[in-house]
Amino acid sequence: MSDLSIGQVAQRFGVRTSAIRYYESEGLIPKAMRRAGRRFYEAGIFDHLIFIRFALRAGFHIGEIRTMVRGLSSATKPGERWRAVADKKLEELDRQMAELQAKKRLLQQLVKCHCPDLAHFARMQRKAEA
């Protein structure tokens, strides 16, 4: 496969060209070759885009993805770096899940509430907090 224009990459991968330019400006993908002011990418760009898509779906933000891909080459073994970032993300998700479970319990209490007025609700909460 020969070099691909930014439009071809975007079309084949199902994203907008602005996303490709953004990923490039953020250092998530290699800089494009320029010919007559137009961006062209090698076919390997799809490997980068597949990883970015995966990472976004897993909940990583752009800065975390940048950390994971910065300085990668064919000689780089990214496993350790990825594990470290993923471990931090798992801890963050565990905290978020605990917070969501706590919110869910509060909402379940509210659904069960047959309070005739706000004062009754407040009394029930004071008892629960005691």
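Helices (H or I, at least four residues) and strands (E, at least two) are DSSP runs, numbered from the N terminus. This is a predicted model, where local features need pLDDT of at least 70, side-chain atom pairs count only at pLDDT 80 or more, and totals for chains, interfaces and linings use all residues. Residues are numbered from 1 along each chain as its sequence is written, and side-chain values use heavy atoms, leaving out hydrogens and water.

**Exercise 1. Place E24 and list its partners.**

Which helix holds E24?

Step 1. E24 sits in helix α2, residues 17-25.

Step 2. Check the accessibility. Buried means under 20% relative accessible area, exposed over 50%, and partly exposed in between (1.4 Å probe, protein chains only). E24 has 5% relative accessibility, so E24 counts as buried.

Step 3. Look for polar contacts. A polar contact is a pair of N or O atoms within 3.5 Å; within protein, one must be able to donate a hydrogen and the other to accept it, and residues adjacent in sequence count only if both atoms are side-chain atoms. The side chains of E24 and Y41 make such a contact at 2.4 Å. A polar atom of the E24 side chain also lies 3.3 Å from the backbone nitrogen of A32.

Step 4. Widen the search to contacts (heavy atoms within 4.5 Å). Leaving out residues up to four places away in sequence, E24 touches I29, P30, K31, A32, R34, R39 and Y41.

**Exercise 2. Work out the sheet.**

What is the order of the strands in the open sheet?

Step 1. Recall the pairing rule. Strands of a sheet pair through backbone hydrogen bonds, either parallel or antiparallel. Here two strands pair if DSSP finds at least two bridges between them.

Step 2. Read the order. The three strands run β1-β3-β2, with antiparallel pairing.

Step 3. Find the edges. β1 (4-5) and β2 (33-35) each have a single partner strand, so one side of each lacks a neighbour in the sheet.

Step 4. Inspect one pair. β1 and β3 (residues 38-41) are joined in the antiparallel sense by two bridges. S5 faces F40 of β3.

Step 5. Visit the loop between β2 and β3, where A36 lies. A36 is not a glycine, yet its phi is positive, about 55°. A36 is exposed, at 85% relative accessibility.

**Exercise 3. Classify two aromatic pairs.**

How many aromatic pairs does a search of the whole structure find?

Step 1. Apply the rule. Rings of Phe, Tyr and Trp (its six-membered ring) pair if their centres lie within 6.5 Å; planes under 30 degrees apart count as stacked, over 60 as edge-to-face and the rest as tilted. The search gives three pairs.

Step 2. Take F13 and F46. Their ring centres are 6.3 Å apart and their planes meet at 35°, so the pair is tilted. F13 is in helix α1 (residues 6-13) and F46 in helix α3 (residues 45-57), so the pair ties together parts 33 residues apart in sequence. Both F13 and F46 are buried.

Step 3. Take F51 and W82. Their ring centres are 4.5 Å apart and their planes at 20°, so this pair is stacked. F51 in helix α3 and W82 in helix α5 (residues 79-112) are 31 residues apart. F51 is buried, at 15%, while W82 is partly exposed, at 28%.

**Exercise 4. Find the disulfide.**

Which residues does the disulfide join?

Step 1. Use the cut-off: a pair of cysteine sulfur atoms within 2.5 Å. The whole structure has one disulfide.

Step 2. Name the residues. C113 is joined to C115, S to S 2.1 Å.

Step 3. Check accessibility. C113 is partly exposed, at 26%. C115 is partly exposed, at 24%.
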